[in-house]
Amino acid sequence: DSAGLVQLAPSLAGLDSIVRRGLVLRQKLTQNRIAALVLTLAAVPLLVSGFANGNSTTTLVYGSVLISLSVAIAALQTRSLKR
């Protein structure tokens, strides 16, 4: 009795490669999340100090660039998941 399971392939020959690809994808996603987190954590103090000082344009620019990089990493991560 199959207990409601649907057999997708007659053998498990390709399972090893699927698991390896999944592990590689997980590692890349973790690296991207860490990079985005670090960029965001670096950008927030720059933005806050730029707004607090009111005259530090370069601080605001650096913070904005770091936030933009963080968003770009998240977008690339989402794009890689769609493949």
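Threonine 78 is a good place to step into this structure: at a relative accessible area of 42%, it is partly exposed. Its home is helix H2. Computed along the chain it may seem remote from leucine 29, since 49 residues separate the two in sequence, yet their C-alpha atoms are 9.4 Å apart in space. Please keep in mind that this is a predicted model.## Overall build

The protein chain has two helices and zero strands. Of its 83 residues, 16% count as buried. About 6700 Å² of the protein chain is exposed, and carbon and sulfur atoms supply 66% of that area. Turning to contacts between residues at least 6 apart in sequence, 55% of them join residues at least 24 apart.

## Helix H1 and what follows

Helix H1 covers residues 15-53. It has 39 residues and reaches 57 Å from its first C-alpha to its last, close to the 57 Å expected at 1.5 Å a residue. The buried residues of H1 are Leu29, Ala36, Leu39, Ala43, Leu47 and Gly50. A general point helps in reading such a list: an α-helix has 3.6 residues a turn, so residues three or four places apart point the same way. After H1 comes glycine 54, with a positive phi near 80°. Helix H2 then takes in residues 57-82.

## Where the helices meet

Which residues make up the largest nonpolar core? There are five: Ala36, Leu39, Ala43, Leu66 and Ile73. H1 and H2 are the elements that give two or more residues to this core, and H1 gives the most, with three.

Two residues add detail to this picture. Leaving aside neighbours within four places in sequence, isoleucine 73 is in contact with Asn32, Ala35, Ala36 and Leu39. Serine 70, which is found in H2, touches Ala36, Leu39 and Thr40, again not counting residues up to four places away in sequence. Ala36 and Leu39 thus appear among the contacts of both isoleucine 73 and serine 70.

Is serine 70 buried or exposed? Serine 70 is buried, because its relative accessible area of 10% falls under the 20% limit.

## The start of H1

A search of the whole structure finds one salt bridge. In it, the side chains of arginine 20 and aspartate 16 meet at 2.7 Å, N to O. Both residues lie in helix H1, four residues apart, which is about one turn of the helix.

On the surface, Leu12, Leu15, Ile18, Val19 and Leu23 form a nonpolar patch, with about 500 Å² of accessible area together. Isoleucine 18 is one of these patch residues, and its place is in H1. At 48% relative accessibility, isoleucine 18 counts as partly exposed.

## Accessibility side by side

Here are the residues whose relative accessibility is given above or belongs to the salt bridge.

| Residue | Relative accessibility | Class |
|---|---|---|
| Aspartate 16 | 48% | partly exposed |
| Isoleucine 18 | 48% | partly exposed |
| Arginine 20 | 49% | partly exposed |
| Serine 70 | 10% | buried |
| Threonine 78 | 42% | partly exposed |

Why do the two salt-bridge partners count as partly exposed? Arginine 20 at 49% and aspartate 16 at 48% count as partly exposed because their values lie between the limits of 20% and 50%.

Methods:
Residues are numbered from 1 along each chain as its sequence is written. This is a predicted model: local features need pLDDT of at least 70, side-chain atom pairs count only at pLDDT 80 or more; totals for chains, interfaces and linings use all residues. Side-chain values use heavy atoms; hydrogens and water are left out. Patches are made of residues with over 30% relative accessible area and no salt bridge: like charges are joined within 9 Å, nonpolar side chains (Val, Leu, Ile, Met, Phe, Trp, Tyr) within 5 Å. Accessible areas come from the Shrake-Rupley method with a 1.4 Å probe; for residues, only the protein chains shown count as cover. A salt bridge is a side-chain nitrogen of Lys or Arg within 4 Å of a carboxyl oxygen of Asp or Glu. Buried means under 20% relative accessible area, exposed over 50%, partly exposed in between (1.4 Å probe, protein chains only). The expected span of a helix is 1.5 Å times one less than its number of residues. Contact means heavy atoms within 4.5 Å. A nonpolar core is a set of buried Ala, Val, Leu, Ile, Met, Phe, Trp, Tyr and Cys residues joined through side-chain atoms within 4.5 Å.
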